[in-house]
Amino acid sequence: MDEGIAQTRELGAALGPYHPLIINNTDKLKDISGLDEVSYHMSGTEAVMQAVRLAHYHTGKKRTVVFCGAYHGWWDGVQPGIGNPRKVHDVYTLKEMSNDTLRVLKTRKDIACVLVNPLQALNPNGGSSSDSMLIASDRSAHFDKEAYTVWLKALREICTKKNIVMIMDEVFLGFRLAKGGAQEYFGVQADMVTYGKTLGGGLPVGVVCGKAELMKRYKEHKPTDICFARGTFNA
Ligand SMILES: Cc1ncc(COP(=O)(O)O)c(C=O)c1O
């Protein structure tokens, strides 16, 4: 039997009857992200939803941190402010590249995860660049790679110390900066990474890569305590 098909059968319980190429793609994504496991979703928004839900599930903490101006999809769980009719109580929107933020992360005990959209390196705390934004042709795009690297490393350190899941949302940037995305470019390893957009070459897709312990949807000692995730086209 073709090795790919055998592997697909082995993974059948998790992936269903999918094409063997999925195995290759999964291996590539693990390699690119530097993480253990991969789950597939329909959009970047869903990938972020999944990553955030898993972070809450595994840490047992209730709050999510996002940074000013950063976009992480239209889900009301991470989109505080205009355009979201639900008042969001479990999201803290903090300043990026700020010592105040590091202090908050260091001192609070309720923060499950921090979402980083590395596109914000271009305009920390400003309105996010987006598909619908008009950009003047005379603009001079600039960002301080060194300063943003220092920031991400400081964030990484605190997240590790405080058991906060660091989620790098690479849905927008994808692999534009380097083969390993923003993680490689800035030299920072996140606990979970989301990808989407060009990853599907025009087809709808969202991906979460994460550490094995964070990707687990049930608790060994409490098998009925599951982290529900399902969708016709998710796996
Ligand atoms: C950083 C980031 N995260 C998440 C999303 C949401 O992805 P989607 O539009 O596929 O739901 C976007 C979309 O622009 C994005 O830029």
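Visitor: Which elements each supply at least two residues of the lining of the second largest pocket?

Guide: This is a predicted model. As a general idea, rolling a probe the size of a water molecule over the atoms shows where empty space is left. In this structure, α3 (21-33) and β1 (37-41) each give at least two residues to the lining of the second largest pocket. The largest share, six residues, comes from α3.

Visitor: What is the volume of that pocket, and how many residues line it?

Guide: The second largest pocket has a volume of about 560 Å³. Its lining has 20 residues, and those nearest the centre are Asn25, Tyr40, Gly200, Pro204 and Val205. By class, the lining holds 15 nonpolar residues, four polar and one charged.

Visitor: Now the ligand. Which residues are around it?

Guide: A residue counts here if one of its heavy atoms lies within 4 Å of the ligand. The residues that surround the ligand are Ser43, Gly44, Thr45, Tyr71, His72, Gly73, Asn117, Asp169, Val171, Phe172 and Lys197. This shell divides into three nonpolar, six polar and two charged residues.

Visitor: Which ligand atoms lie at short range from Gly44, Thr45 and Asp169?

Guide: A polar contact is read from a pair of N or O atoms within 3.5 Å. A polar backbone atom of Gly44 is 2.8 Å from an oxygen atom of the ligand. For Thr45, a polar side-chain atom lies 2.5 Å from a ligand oxygen atom. With Asp169, an N or O atom of the side chain is 2.7 Å from a nitrogen atom of the ligand. Taken alone, the ligand exposes 390 Å², and the protein buries 84% of that.

Visitor: How many salt bridges are there in the whole structure?

Guide: A search finds eleven salt bridges. One of them joins the side chains of Arg63 and Asp110, at 3.2 Å from N to O.

Visitor: Where in the chain do Arg63 and Asp110 sit?

Guide: Arg63 is in strand β2 (residues 63-67), while Asp110 is in the loop between α5 (99-107) and β4 (111-116). The two are 47 residues apart, so the pair links distant parts of the chain.

Definitions and conventions:
Residues numbered from 1 in each chain as written. Predicted model: local features only at pLDDT ≥ 70, side-chain atom pairs only at ≥ 80, totals over all residues. Heavy atoms only, no water. 1 Å grid on protein atoms, 1.4 Å probe; cavity = no way out; pocket = protein on both sides within 12 Å on 5 of 7 lines; lining within 4 Å. Points joined across faces, edges and corners; volume = space filled by probe spheres on them. Helix = DSSP H or I, 4+ residues; strand = E, 2+ residues; numbered from the N terminus. Nonpolar A, V, L, I, M, F, W, Y, C, P; charged D, E, K, R; others polar. Polar contact = N/O pair within 3.5 Å; in protein donor to acceptor, adjacent residues only side chain to side chain. Areas by Shrake-Rupley, 256 points an atom, 1.4 Å probe, with all protein chains shown as cover. Salt bridge = Lys/Arg side-chain N within 4 Å of Asp/Glu carboxyl O.
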